[in-house]
Amino acid sequence: MGPWSGSDSASIRRRIIELLKTGPQDARTLSQELHQSEKEIYAHLGHVSRSLKAQGRRLVTLPPVCLGCGFVFQERKRPNPPGHCPCCRKTRIRRPRYIIG
């Protein structure tokens with residue numbers, strides 16, 4: 001069995017949904033709470049999004065923001081945070097956060 005199969009994945013996804021019900025969370029916080037790598041959390045978020053959609057809810061992504069100049073990464077489709085700002089080139093980026101909407 002791979003790391004994404006079985007009831008462990010479903011259990012982690014249920015726990016992610018429970019944490020998101022408390023307010024906006026970023027992948028780093030979720031990974032620390034659930035003792036999973038950030039990469040695993042990003043993989044689970046796609047499944048969480050589909051599960052929520054089936055329940056008539058949705059996973060809302062609050063976009064990353066450059067802490068140097070305030071640039072908002074509105075058009076970004078990838079769940080992982082950007083490496084640097086396209087405007088000021090700084091690397092201080094607030095990570096994307098997720099919430100149930």
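Trainee: Let me start with one residue: is S31 buried or exposed?

Mentor: Good place to begin. The general idea is to compare a residue's relative accessible area with a cut-off, and buried means under 20%. S31 has 8% relative accessibility, so S31 counts as buried. Do keep in mind throughout that this is a predicted model.

Trainee: Which element holds S31, and which residues does S31 contact beyond its neighbours within four places in sequence?

Mentor: S31 sits in helix 2, which covers residues 27–34. Once those neighbours are set aside, S31 is in contact with Q36, S37, E38 and I41. There is also a polar detail to look for: a polar atom of the S31 side chain lies 2.8 Å from the backbone oxygen of R28.

Trainee: Let me step back to the whole fold. How many helices and strands are there in the protein chain?

Mentor: A count of elements and their order make a handy first map. Here the protein chain has 3 helices and 5 strands, and along the sequence they follow the pattern α-β-α-α-β-β-β-β. As for extent, the C-alpha trace spans about 45 × 30 × 20 Å along its principal axes.

Trainee: What share of the 101 residues is buried, and what does the accessible surface come to?

Mentor: Buried residues make up 34% of the 101 residues. The accessible surface comes to about 6400 Å², and carbon and sulfur atoms account for 50% of that area. For charge, you can compare mean positions: the 19 positive and 7 negative charges have mean positions 7 Å apart.

Trainee: How do I read long-range contacts, and what percentage of them join residues at least 24 apart?

Mentor: Look at how far apart the partners are in sequence. Among contacts between residues at least 6 apart, 55% join residues at least 24 apart. G23 and I99 give a concrete case: they are 76 residues apart along the chain, yet their C-alpha atoms are separated by 6.1 Å.

Trainee: Where does G23 lie, and what does G23 touch beyond four places in sequence?

Mentor: G23 lies in the loop between helix 1 (7–21) and strand 1 (25–26). Beyond four places in sequence, G23 touches Y98 and I99. Another pair to look at is G23 and R97, which are 74 residues apart in sequence and 9.5 Å apart from C-alpha to C-alpha. With 12% relative accessibility, G23 counts as buried.

Trainee: And from the other side, which element holds I99, and which residues does I99 touch?

Mentor: I99 belongs to strand 5, residues 97–100. Apart from residues up to four places away in sequence, I99 touches L20, G23, P24, R58, L59 and V60. Its relative accessibility is 24%, so I99 counts as partly exposed.

Trainee: Now for rings. How many aromatic pairs does a search of the whole structure find?

Mentor: The search finds 1 aromatic pair. F71 and F73 form that pair, with 4.9 Å from centre to centre and 85° between the planes. To name the geometry, look at the angle: planes over 60 degrees apart count as edge-to-face, and the F71 and F73 pair is edge-to-face.

Trainee: Are F71 and F73 buried, partly exposed or exposed?

Mentor: F71, at 28% relative accessibility, counts as partly exposed. F73, at 9%, counts as buried.

Trainee: I like to check backbone angles too. What is the phi of H35, and what is the phi of R89?

Mentor: When you scan phi, pick out positive values in residues other than glycine. H35 has a positive phi near 55°, and R89 has a positive phi of about 70°. H35 lies in the loop between helix 2 and helix 3 (38–54), while R89 is in the loop between strand 3 (65–66) and strand 4 (93–94). H35 has a relative accessible area of 68% and is exposed; R89, at 55%, also counts as exposed.

Trainee: One last residue: which residues is C69 in contact with beyond four places in sequence?

Mentor: C69 is in contact with C85, C87 and C88. C69 lies in the loop between strand 3 and strand 4 and is partly exposed, with a relative accessible area of 42%. You can also follow C69 to I93: they are 24 residues apart along the chain, and 9.9 Å separates their C-alpha atoms.

Key. Residues numbered from 1 in each chain as written. Predicted model: local features only at pLDDT ≥ 70, side-chain atom pairs only at ≥ 80, totals over all residues. Heavy atoms only, no water. Helix = DSSP H or I, 4+ residues; strand = E, 2+ residues; numbered from the N terminus. Buried < 20%, exposed > 50% of the residue type's maximum accessible area, 1.4 Å probe, protein only. Contact = heavy atoms within 4.5 Å. Polar contact = N/O pair within 3.5 Å; in protein donor to acceptor, adjacent residues only side chain to side chain. Phe/Tyr/Trp six-rings, centres within 6.5 Å; stacked < 30°, edge-to-face > 60°. Areas by Shrake-Rupley, 256 points an atom, 1.4 Å probe, with all protein chains shown as cover. Lys, Arg positive; Asp, Glu negative; His and termini not counted. Charge placed at Lys NZ, Arg CZ, Asp CG, Glu CD.
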